[in-house]
Each structure stands twice: as C-alpha cells, then as structure tokens.
Amino acid sequence: MLSESVAFSGFSVDDLERAREFYRETLGLVVLEENGLLWLELTGGHRVLVYPKKDHVPATYTVLNFPVDDVEAAVTQLTDRGVRFERYEGTPVETDEKGVFRGGGPLIAWFTDPAGNVLSVIES
C-alpha cells in the first residue's frame, strides 16, 4: 500500500524565519514556503519538511545528512559562511579541531541549525 507513496521526513524548529534564512542563505538550499511550512528542496527531487513548533526541543540525533565528496572542503566553506561545527571530546565520536570525526568509517562533521537540530556533512 505505502510502497507507491513518495515519503518524506521532517523536523521542527522554533523560529521559521531564522530557519528559512539559515537554510537558504547560509547553506544555499532552495527553500519553498507553503501554508506556513518550509520545504527544503534536495538533490534528486527529494524534499524535507520544516515546521514550526512552539515547544520545539532539538532532536538528540542527526536529522539531516549531506553527503559530500570532500568533508574538509565542505567544513571550510561552511565555516566561512558562519557555520560552527560541533566538537566532541573524550567520546567515541571524538572530533578534531575542525570538528571532523576521523575515528573509522566515513569522515563526518556535525553542526546545528538555529533551532539546535543536528545536521552533518558526511563523506560519500
């Protein structure tokens, strides 16, 4: 029944205007607005719903991963645009001074949106 449905995921934010600005201006994504909701247009025709929630609490996990060919270059470019990467010290996912995890598996670096939701750039 649902195998023919074009599914999508979504997450909440506490300030739709700040989210729109961050996703459009800082990350450079196409952001559409419909009925008071934001849609992030991703490569391949995929879309992610971003919706306002007054009692928003950021997720404790990564809500959106961006596969990139070069994590180092992506971190540098995003840092230049004002993105601050998370630093995890003394944990199984310890990151370096740039915020890149190099402890096995693909390189990955985590950052947050203005609502505190965790996003990543991950080596593809």
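I take a residue as partly exposed when its relative accessible area falls between the buried class, under 20%, and the exposed class, over 50%. The model I am reading is a predicted one.

Entry one, Arg47. I looked up its accessibility and found a relative accessible area of 28%, so I entered Arg47 as partly exposed. Its side chain meets that of Glu34 in a salt bridge at 3.8 Å, N to O. Because Glu34 sits in strand S2 (residues 30–34) and Arg47 in strand S4 (residues 47–52), this pair ties together parts that are 13 residues apart in sequence. Arg47 also forms a salt bridge with Glu41, for which I noted 3.5 Å, N to O. Both acidic partners are partly exposed, Glu34 at 36% relative accessibility and Glu41 at 25%.

Entry two, Arg102. I found the side chains of Arg102 and Glu72 in a salt bridge at 2.3 Å, N to O. Arg102 belongs to the loop between strand S6 (100–101) and S7, while Glu72 belongs to helix H2 (residues 71–80), so the contact links parts that are 30 residues apart in sequence. Salt bridges with shared partners join Glu72, Asp96, Lys98 and Arg102 into one network. For the whole structure I recorded 8 salt bridges.

Entry three, strand S8. I followed S8 (residues 118–123) to strand S5 (residues 62–68), with which it pairs in the parallel sense over 6 bridges, and there Asn65 has Ser120 as its bridge partner. With S7 (residues 108–112) the pairing is antiparallel over 5 bridges, and Ala109 is partnered by Val121. S7 and S8 form a hairpin with 5 residues between them, where I noted a positive phi of about 90° at Gly116 in the turn.

Technical notes:
Residues are numbered from 1 along each chain as its sequence is written. This is a predicted model: local features need pLDDT of at least 70, side-chain atom pairs count only at pLDDT 80 or more; totals for chains, interfaces and linings use all residues. Side-chain values use heavy atoms; hydrogens and water are left out. Two strands pair if DSSP finds at least two bridges between them. Helices (H or I, at least four residues) and strands (E, at least two) are DSSP runs, numbered from the N terminus. A salt bridge is a side-chain nitrogen of Lys or Arg within 4 Å of a carboxyl oxygen of Asp or Glu. Buried means under 20% relative accessible area, exposed over 50%, partly exposed in between (1.4 Å probe, protein chains only).
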